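Here is a brief report on how the helices and strands of one model fit together.

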Amino acid sequence: MNIKRKILICIISLVLAVFIPIFVFNTRAPVLIVFEESFILIYGQKRLDNDISRISFNSFRPVKTVIIANDSGDDIIPYAIAEISLRPYCVVFPLRFKNAAFFYREQNPAARVIILEGRGSIEENHSILNPDSGFFIYRTDIDSDFYKAGYAAAAFDNDRKGTIAVFLYPDNEQAKNAFIRGVTSENNPPQVRFYTSFSDFSENTGTTCVVLCGAGYEYLEEKTDIPIIAFTWLDPLLTPENVTIIFDDSPLALLNRALSMIATGEEKGVISSNLTILNKTSIAREILQKIKILQ
C-alpha cells in the first residue's frame, strides 16, 4: 500500500470518526424541558446555554428548551412541546407545570414524563404517583442539602460560637433537623436561630453566617461582610460579594442526574442541589478547605 493511499484512508477514518458521532447525536430523540420566560431572566441566558450544552454532552443527546410565556395556559403547553418534537426521549416539567404534564401525558400516553418537584411536594394520594402512570418523580434531597448548609455555616462561624441566622419558609422540620445535624457535626457548634420572614430578624454583632431559603432575601440589600449561604436559582453574577455558597436546585441543576435515573428506570428519587462556592479569595483558607469537601 503506497503512502498516498495510507494518507487517504487515515483522512477518511478521521472524517468518519468525527462525522458519525455528530450524526448519531443529532438523530437521537431529544430531551425537552419546559421553562417560562421569567426563569431565563432569573437564571441568566448565558448560564442557561452553557448548562444545556453541558447536559447534552453528558447525556449524548440533544437537550432543547420549550420556552413559554408567563401567562400561558396549561392546555397550551403540550402544543408548544409538539412544535419542538413529536417524539422526544422524555419531557421534563418543573412541579409548577404539573397540570400541563397531565394534559401532555393524556395526549401522549407512550411518552416518558419527568416531574422535578424541587423542594415542593405532591400529595401522596395524587394519581401522578401511580407506578404505572408513566411519570418519573424526582425531588430535591432536603436532608443532604441542609446538612451541607449547616456544616458550611458552622465552618464560617470558625469556633467563635456566634449565631447563625436561618431564613426558612415555609417552616420545614426536615430541613431544620438536617441543618442542626450539620452544625453540630463540628466541635463547639454555634447557636442557630430560624426565621420565617425578614421582619422578624434583628441583626446583632454575634451573627457569623446568614442562610437564605425561601425567605429573608431582603438581607441581600444589607451592606455587610457576613457570609451568606443562599438557596437560589439566581445567576451568581447578580449576587453580592458576600454570597459565598449557592445551593441551586433549579430544573437544570437536577436534570443531569434525573436523566441518569430515568435511564435505569428509577421512578422516584431525590437529587442533591448543585453546590457552588463563590468568591473563594474572600474565604479564609482553612474554612475553604472544610467546605470544599461538600462539593
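The sections below cover the basis of the model, its open sheet, a buried strand and a helix pair.

## Basis

This is a predicted model: local features need pLDDT of at least 70, side-chain atom pairs count only at pLDDT 80 or more, and totals for chains, interfaces and linings use all residues. Residues are numbered from 1 along each chain as its sequence is written, and side-chain values use heavy atoms, leaving out hydrogens and water.

Helices (H or I, at least four residues) and strands (E, at least two) are DSSP runs, numbered from the N terminus.

## The open sheet

Six strands form an open sheet in the order β2-β1-β3-β4-β5-β11, with parallel pairing. Two strands pair if DSSP finds at least two bridges between them. The edge strands, β2 (63-68) and β11 (268-271), each pair on one side only.

Strand β5 (residues 135-140) joins β11 through 4 bridges, and the two run parallel. Arg-139 stands opposite Val-270 in β11.

## A buried strand

In strand β6 (residues 163-168), 6 of the 6 residues are buried (under 20% relative accessible area, 1.4 Å probe, protein chains only). So β6 is largely enclosed by the rest of the structure. Thr-163, Ala-165 and Phe-167 lie on one side; Ile-164, Val-166 and Leu-168 lie on the other.

Strand β7 (residues 191-195) runs parallel to β6, joined by 5 bridges. Phe-167 stands opposite Tyr-195 in β7.

## A helix pair

Ile-77, Pro-78 and Ile-81 in α4 meet Ala-100, Phe-103, Tyr-104 and Gln-107 in α5 (contact: heavy atoms within 4.5 Å).

Terms used: Buried means under 20% relative accessible area, exposed over 50%, partly exposed in between (1.4 Å probe, protein chains only).
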